[in-house]
Protein chains: 2
Amino acid sequence: MKDFEFYNPVRVFFGKDQISKIVPHIPKDVNIMLLYGGGSIFRNGVYDRLKEVLKNFKVIEFGGIEPNPSYETCMKAVEIIKAEDVGFLLAAGGGSVIDATKFIAAAARYTMGDPWNILAKKGPVMGALPFGSILTLPATGSEMNRNSVISRRSTGEKLAFGSVHTFPRFSVLSPEAAGTLPKTQVANGIVDAFVHVLEQYLTFPVNAPLQDRFAESILITLIEEGPKAYANPADYDAMSNLMWSATMSLNGLIGCGVPGDWSVHSIGHELTAFHGIDHARSLAIVQPGLWKALREEKKGKLLQYGARVWNITNGTEDEKIDATIAKTVDFFESLGIKTRLSDYNVGPETIDKIVARFENRKWLDLGDRGLTTPEITRKALEYQL
Amino acid sequence: MKDFEFYNPVRVFFGKDQISKIVPHIPKDVNIMLLYGGGSIFRNGVYDRLKEVLKNFKVIEFGGIEPNPSYETCMKAVEIIKAEDVGFLLAAGGGSVIDATKFIAAAARYTMGDPWNILAKKGPVMGALPFGSILTLPATGSEMNRNSVISRRSTGEKLAFGSVHTFPRFSVLSPEAAGTLPKTQVANGIVDAFVHVLEQYLTFPVNAPLQDRFAESILITLIEEGPKAYANPADYDAMSNLMWSATMSLNGLIGCGVPGDWSVHSIGHELTAFHGIDHARSLAIVQPGLWKALREEKKGKLLQYGARVWNITNGTEDEKIDATIAKTVDFFESLGIKTRLSDYNVGPETIDKIVARFENRKWLDLGDRGLTTPEITRKALEYQL
């Protein structure tokens with residue numbers, strides 16, 4: 001395995017009625033901003049419970065954070081934070097709300113010009129407001145990592161950052177609140193987590209058997225428990241197992257000492273930026289296409305994944321790889337997630353735009369071993385037309 | 001799964017030449033105490049590298065920490081710390097050195113009488129000196145948790161404590177340094193880690209499939225990689241995989257949301273206290289005996305463990321459980337670890353003493369569901385005579 005550093009100080013409270021446990025972990029005598037999205041927290045009980053638990057704090061509310069949260073929305077929150085002297089942020093919702101909160105926390109303390117620099121120029125983040133989260137949607141893993149992805153509507157860009165200052169101080173993981181989610185969001189969460197694992201696992205063998213088996217453990221659990229949570233989000237056991245799996249998919253653990261790919265995300269982000277396709281759905285389109293485009297280069301891990309996760313052990317190597325890709329696509333489709341560009345009315349002109357954008361940005365060697373060239377990106381997307 | 005809290009802020013540096021990375025994580029302008037054991041750090045390169053990296057600090061050395069570190073030794077370090085105004089502790093070695101350092105760190109700041117109270121009366125630990133570790137022996141997991149076990153030679157007691165103040169600030173995991181270990185210590189480490197996993201996994205099913213699979217992942221990796229590291233400790237890849245497996249066995253992760261047992265440890269500690277049997281060897285004796293004594297109560301998980309870890313799927317349930325226990329014993333014995341009390345010249349009179357001690361302490365219901373009564377302890381040990 002490769003050398004690595006691992007550090008993850010996020011305190012997790014998992015289970016039923018955990019919200020009361022957050023109070024000792026919030027600084028005393030500060031104003032709190034409660035950030036949320038479209039208002040699901042009013043329906044799943046989280047808002048009422050927070051009001052009760054935070055009754056001794058001044059709480060300013062900032063709702064309406066959209067999926068694929070925008071720089072424009074985030075900067076509105078930053079203005080209010082400065083005007084109202086907010087000292088702690090509390091995100092309640094899914095990955096979009098938590099990602100936005102991370103950027104807002106960093107932007108509120110950013111002193112080197114436009115905070116967009118944090119994303120566009122990777123300007124150093126020297127500090128951030130402290131924040132915590134209440135997770136109500138298993139998917140992105142943002143509740144237990146430092147990463148954030150923010151979109152700028154005016155330019156159609158979607159960029160990521162992360163800093164040692166943007167770990168949540170705590171995250172409450174609430175399978176109960178997630179029990180009220182619409183099925184489409186549960187499906188998105190399953191696929192999002194699944195591809196997070198694949199980005200760190202389906203690269204090339206580096207003799208890291210524990211990391212491989214941890215990754216396979218998550219994939220198998222998502223395959224077994226995900227459909228139960230999709231069929232009935234209020235199934236507390238299934239939702240709990242899905243939620244913990246999604247958190248473990250992207251908290252740094254399975255990436256220790258192994259290469260990452262992440263080019264499925266880079267390409268998928270463009271489909272979201274250009275066409276507003278849900279993040280998870282963009283990944284479900286790109287992942288099979290990229291495997292087809294790099295089937296020789298990723299053969300070792302594709303065969304291992306097929307054998308250990310899908311029990312595909314018969315046939316030639318080519319047949320096994322075909323079956324493995326087909327099984328993955330079937331799994332996504334069984335959750336109502338389409339995997340073809342045409343399913344989303346996207347045609348070849350978008351492929352041209354994405355390839356041109358990558359060339360302009362000099363993103364010429366994405367992915368593990370730099371294999372995802374603009375040409376491979378084109379091929380991967382053409383397979384999915 | 002059960003509700004849980006998870007928090008582990010230990011920063012891990014894993015791999016080759018990681019020692020230079022510790023400097024930014026040590027407070028400036030403090031005196032450092034370097035704690036070590038029998039002197040292996042002079043032979044494995046760690047001492048020389050530390051001297052180089054810490055050349056701008058005043059470093060006071062405290063060597064000679066014994067296996068199953070003693071209260072008496074620890075208190076000598078505490079005296080020096082107070083006399084020399086030490087502000088940071090650095091443990092270099094295996095679990096004994098790190099456990100001792102945790103107790104020393106807490107004892108140096110303890111203001112409520114004899115620090116033995118921390119262990120005997122579970123007196124609250126209100127603070128501790130900050131400390132880090134350089135791990136040279138994969139085994140106990142102490143490098144990434146808050147727990148410590150200390151023995152008192154004068155009374156033959158061996159007791160544990162842990163506090164939020166006794167997480168290492170950082171731990172360097174050095175498979176290279178472990179490459180110079182004697183084979184017996186590698187064997188001990190493999191068995192120690194293996195039983196740590198079993199204590200958290202082999203209880204009863206609570207619908208926590210991800211935690212189960214993570215536990216099985218570690219067990220399988222120990223079975224596959226352990227013997228390679230045992231045969232040749234300088235096999236860097238095998239030792240790396242063993243080291244990361246041992247750390248993951250006891251950093252809190254696989255215990256999230258599942259019951260623990262830990263009665264193998266409670267019984268094993270007494271064998272060490274009375275007869276000086278190596279910690280890992282004491283566990284290898286007790287584990288199979290306890291399964292035999294509780295085979296009906298632990299049937300569900302014994303069958304799952306046998307099937308998934310040892311591929312035991314044929315025969316009646318009783319035959320499968322017998323085969324599973326035999327496989328585990330064979331694995332321990334293949335590493336040169338004996339599993340019978342008679343192998344260590346221990347007879348039935350020790351069983352009487354252990355049972356009497358547990359009764360005196362009112363330890364009447366150890367283990368998961370309180371199943372390990374004094375009578376079960378007696379049975380478990382009698383199976384291993």
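**Notes on helix α13 and the contact between the two chains**

1. Let's start with the side of α13 in chain B that faces outward. Three residues there are exposed, B:Asp318, B:Glu319 and B:Asp330, and they sit on the other side of the helix from its buried residues. Keep in mind as you look that this is a predicted model.

2. Now for the helix as a whole. α13 of chain B covers residues 317–334, which makes 18 residues. From the first C-alpha to the last, α13(B) reaches 25 Å, close to the 26 Å expected at 1.5 Å a residue.

3. Which residues of α13(B) are buried? They are B:Ile321, B:Thr324, B:Ile325, B:Thr328, B:Phe331 and B:Phe332. Try looking down the axis of α13(B): the buried residues fall within an arc of 120 degrees, so they line one face of the helix.

4. What does that buried face pack against? Its partners are four helices of chain B: α7 (183–201), α8 (209–231), α11 (279–293) and α12 (299–310). And just past the end, α13(B) is followed by B:Gly336, which has a positive phi, near 80 degrees.

5. On to the place where the chains meet. Chain B puts 32 residues into the contact, and chain A puts in 32 residues as well. On chain B's side, β1 (4–6), β2 (11–14), α8 and α9 (236–249) each supply at least two residues. The largest share, ten residues, comes from α8(B). You have met α8 already, as one of the helices that the buried residues of α13(B) pack against.

6. What sort of residues does chain B bring to the side that touches chain A? Sorted by type, they are 15 nonpolar, nine polar and eight charged.

7. Strands cross the boundary too. β1 of chain A (residues 4–6) pairs with β2(B) in the antiparallel sense, over three bridges. If you want one pair to find on screen, take A:Phe6, whose bridge partner in β2(B) is B:Val12.

8. How are the two chains related in space? A turn of 180 degrees, with a shift of 0.0 Å along the axis, lays chain B on chain A with an RMSD of 0.0 Å. That is the relation of a two-fold axis. The same surface serves both copies, since 100% of the contact residues of chain B recur in chain A.

9. Last, a handy landmark for that axis. B:Pro9 comes closest to the rotation axis among the residues of chain B, with its C-alpha at 2.1 Å.

Key: Residues numbered from 1 in each chain as written. Chains lettered and ligands numbered in written order. Predicted model: local features only at pLDDT ≥ 70, side-chain atom pairs only at ≥ 80, totals over all residues. Expected span 1.5 Å × (residues − 1). Buried ≥ 20, exposed ≤ 12 C-beta atoms within 10 Å, placed from the backbone. Arc of directions from axis to C-beta. Contact = placed C-beta atoms within 7 Å. Nonpolar A, V, L, I, M, F, W, Y, C, P; charged D, E, K, R; others polar. Pairing = 2+ DSSP bridges. Least-squares fit on C-alpha atoms with pLDDT ≥ 70 in both.
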